[in-house]
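Work through the exercises below with the sequence and the three-dimensional view side by side. Try each task on your own before you read its solution.

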Amino acid sequence: MNYRYLSRLTLPLLVTTAFLGAQDQTSPKPVGARPMQGLRFDLTQHGRAGAQPDTEQWIVTMQKRSFDLSEARAALRDGRREEIGKALVEKYERLVVVDQQPFEDKLKALGGRILRRWWINHGCLIEVPRAKLQDIAKMEEVATLEPEIAYAPLRSGGASMYIPSSTDASNHNADAVQASGERGANAIVAIMDGSFDSNYQSSGQPHQTFFRNGIKTAANNLLPTSNQHRIGAQAFNIPDLHGTGVASVAAGSAWTGLFNSDGHAPDAQKVGYSIADFANGNSNTSTLQSAWQTMFQHKLTNVHDIKVANNSYSGSPNPTNAVQQALDALANDMDVLVTVAAGNDGNTSNPAGNSQSCVNGLAVGACSTYSKVMASFSSFGPLPNAACVNRSWPDITGCGAFALMARHSDESSYYGASGTSFAAPQVAGAATLVRSTNPALSALETKAILLASTESIASQNPTMGVNNFGQGFLRDDLAVDLARRASTNVATWFHTTNSLGADCPFPMEVTQGRVYTAVCVWNRTAPYNNTNWGDFRMRVMQYQPTFTTIADSYDPNTVRTLYRKVTFTAPLTGRLWIVCSPQTVQNLGQPNYFAVAHTGESVEGNVTAYGQGCAGTGPFANGTILPAANATAMGNTRSLAPVTDAYPGSSTNRVQQLLQGSEQPVARTYTGVSFRQDDGVVANPPGGSVEIQIRMGYTTRTINTLSSTFANNFTSGWTTVLPRQWITLPPVPAAPNTNPASFLFTIPFDNVFSYTPQVGRNVLIEFSVFNNEIRDCGVTTANPGEARRSYWVDSVMNGNTAIVYGSTTFGTGSIGVGRGSVLRLEHVDGTGATPRLSTIGWPGVGRPVTFFGEQCLQNSGVLLNLGLSRTMSGTTPLPFDMTPLGAPGCFVLASNEASLFLVADSVGRVRNTWNIPNSPSNLGVKVFAQIGSFDIGANSFGMAVSHALELTIGDVGIHWQ
């Protein structure tokens, strides 16, 4: 490479490659409620009376089972819920019966029987003689044994404030988020409660609060309320006030009557799960557990793509309680952010005895609006459970005192009550806004964002601490802002190391003197019938040139919390590092995921085009979209393959895709392959790099005769079009792609593939991924310290294509008939094109970005011009009209601080990679680029030029040095 610098060169960044139960106040306690005293079975309690004399109903969960829910997690991850979700549910329902048969035989011998089964946590509801409980407790297969009791929505009156107070700028500030245009339309929130006003005054329509903008001729956002959503014994629409009120806080629209208001996410779709077993709204333990399993099943089978779920009922503080096991399984395995009420026992001798453990969700305490003083009734921690000593609790605080909400059966009035029941849906609504703003965010990342963006209320509660108000007061506006900056400020990582203390670093840009927050969160994973979850230590560190700790999350008094948080004042302007280290691991050797969120400075790295070029005599770059049916229609599914791994934790992937020769009737010279962003955003990573090899060739195999042995499929004429190398993938936009003609990125081939159509012959393209930047802590990778979420592309199912997929380390794989990515095979057509400039990858500190020029004159010189301005080049204003030079219609669009002479290849392409230094001083720097093709046939000046690019260098490089 030969850089030619002007005498006034001021572009040091280009010089080197080292470019550095409803919890409502004063209501009666749940039937049979009691404090849990550890993991041993308490047989002094009494379960609900059975149908037979002297029998009681108890809930059992089993120690082991022959299946787990990993296939369900994979179906969600791979976008295959519609394909296999129903079959998985049928499989789980079958296997849970088989696995419980030995226990059932013993139970029958004791005079008992099974009344209901659950596969979500391998449990069952049994009826057994009271005298035989000791025999059940002694069985080795029994993991937990607890009585069937009732939890109740607890109520009180005396309200004097209403929803707009809690959502205004002095409180949660959802109003500002809604004013910006985000009202939750891209997310579904589930409300598990006693009843919902789905048939307002027998009108056949739900209450006004469930309609878009409260207009009954508008969209009904209360999704179908068939019996599958009625879990309890009572009807879906019993005149119970609690559920409709809770729903209106989280995501309701303004109604007609007094104190009407929108909730946090009024345009979100609502799904009601009615759990009332009694007319007063009380619900049995088994019903709550069935409701969580039903949500799991609905998510798995794609009935409802639930993002957030709220349950404002009392419960058990024991994490091994069957209901809490089911709750945590839904959160971890189906990616649902769960919120629960912290409880209303704060002014009793048992301040959290009826509270839900909610390990993988968020338990919400209640404070008064405006004053933000904790309500006297709000339950406080630590939880009274011997297995969770020093687990701080609750997690977060919302407005819950004196709430006025939509009233069941009366749109002209309101429902008033106090309690953590109404603080929890404040958080649920905020979480819905976050996941609607950025649908790519996982539940774990959403939890991290909510905790990282809280407002401190320590000064309002000077005698209290995290065991009263958790990590602070909910702020919708700050959380949504962080969600919008997720590509730079949020990441999911995993570790599979068996050795503890392995550091996982994440960069954070700061400004000296400002206050910042960093949070690390993780879930407990299966099996959920124990408390053996992992623990992390999080430090914020400065490199100078050795590492110095700025802030440390270690606290011996909160060793059981499933998150770590630090708040600190930045000692410098530049880069700090968030370093997370596993202290204990729940499942050694298995991926254990954790998410990091921080409030640091961020600059989005991006590339935008401006101006226009002028025509030369180079060839037009074109493309053929395959399968042909998807040239004008988006695919009907999405896939991780072929550009990244087939499953999280794998660093290798091999995919062969058959492309029908009948859909390629014209001889072409294929120069590259492009991928399309999906129209249903599953993840939007900030991009990353993959080490990949691509081969193309012919096959006489058909869609239905592909071999599972990779070597058997290429039959002739294969070419390694891209030798093994690292390529950079761009960030995926948060908004779905609805334009079939829009492709996200192109991988240009180093070696073109000359395609000739022939009857009976199809094209085979093979992608082999040898490594990627998904970070596995404790494992050395080509770019240690990188973190990237799974990278999805638009794909088809039941299409005119097929794939074989597996690992590069094996010679065989699995066949997917009708499955494959939507590809655009690039080629050239005709002459007289305008040179075109784009980038491969994106401009981030510490990252390579490749300038890619095409449609230049073949085998001719090309000038790549780089500058720091688009308005002035020295003393010459830009754009500069080249007509006086003999190039009419051509303009100089970028200043000329540096230029590089390149030579176009045989199809008119040039490439040059710029390694952007890993230095915080480069954040926000703008660089402008343009190419000119030496083309004697273009005009008398002999040059055709492209449009220009404006590159903003962002905080997206995550290299660990």
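**Exercise 1. Find the strand partners of β12 and decide how far β12 is enclosed.**

Step 1. Strand β11 (residues 306-311) pairs with β12 in the parallel sense over four bridges, where two strands count as paired if DSSP finds at least two bridges between them, and where helices (H or I, at least four residues) and strands (E, at least two) are DSSP runs numbered from the N terminus. Within this pairing, Ala 309 is the residue that stands opposite Val 338 in β12.

Step 2. Follow the chain from β11 to β12, and you pass through helix α9 (residues 322-333), in a β-α-β crossover that is right-handed; this term applies if, with the strands pointing away from the viewer, the path from the first strand over the helix to the second runs clockwise.

Step 3. β12 also pairs with β13 in the parallel sense, over three bridges, and Val 364 in β13 is the bridge partner of Ala 341.

Step 4. Five of the five residues of β12 are buried, so the strand is largely enclosed by the rest of the structure; buried means under 20% relative accessible area, exposed over 50%, and partly exposed in between, with a 1.4 Å probe and protein chains only. Leu 337, Thr 339 and Ala 341 cover one side, Val 338 and Val 340 cover the other, and all of them are buried.

Before going on, note how the values arise. The model is predicted, with residues numbered from 1 along each chain as its sequence is written, and local features need pLDDT of at least 70, side-chain atom pairs count only at pLDDT 80 or more, while totals for chains, interfaces and linings use all residues. Side-chain values use heavy atoms, and hydrogens and water are left out.

**Exercise 2. Describe the surroundings of Asn 360.**

Step 1. Asn 360 is found in the loop between β12 (337-341) and β13 (362-367), and with a relative accessible area of 3% it is buried.

Step 2. A polar atom of the Asn 360 side chain lies 2.9 Å from the backbone nitrogen of Arg 524.

Step 3. If residues up to four places away in sequence are not counted, Asn 360 touches several residues, among them Asp 328, Ala 331, Lys 447 and Tyr 528, where contact means heavy atoms within 4.5 Å.

**Exercise 3. Which parts of the chain do the salt bridges of Glu 127, Lys 216 and Arg 668 link?**

Step 1. Begin with the rule: a salt bridge is a side-chain nitrogen of Lys or Arg within 4 Å of a carboxyl oxygen of Asp or Glu. By this rule the count comes to 37 salt bridges.

Step 2. Glu 127 and Arg 113 meet through their side chains in a salt bridge (3.1 Å, N to O). This pair links distant parts of the chain, with Glu 127 in strand β5 (residues 123-129) and Arg 113 in strand β4 (residues 113-118), 14 residues apart. Glu 127 counts as buried at 3% relative accessibility, whereas Arg 113 is partly exposed at 39%.

Step 3. Lys 216 and Glu 411 form a salt bridge between their side chains (2.8 Å, N to O). Lys 216 lies in the loop between β8 (188-193) and α7 (242-251) and Glu 411 in strand β16 (residues 410-417), so the pair ties together parts that are 195 residues apart in sequence. Lys 216 is partly exposed, with a relative accessible area of 25%, while Glu 411 is buried, with 10%.

Step 4. In the salt bridge of Arg 668 with Asp 829, the closest N and O atoms are 2.8 Å apart. Arg 668 is in strand β29 (residues 668-675) and Asp 829 in strand β39 (residues 823-833), so that distant parts of the chain, 161 residues apart, are linked.

**Exercise 4. Locate the cis peptide bonds that precede Pro 527 and Pro 627.**

Step 1. Ala 526 and Pro 527 are joined by a cis peptide bond with omega about 0 degrees, and Pro 527 is found in the loop between β19 (515-522) and β20 (535-543).

Step 2. Leu 626 and Pro 627 are likewise joined by a cis peptide bond, with omega about -5 degrees, and Pro 627 lies in the loop between β26 (618-626) and β27 (637-639).

Technical notes
Polar contact = N/O pair within 3.5 Å; in protein donor to acceptor, adjacent residues only side chain to side chain.
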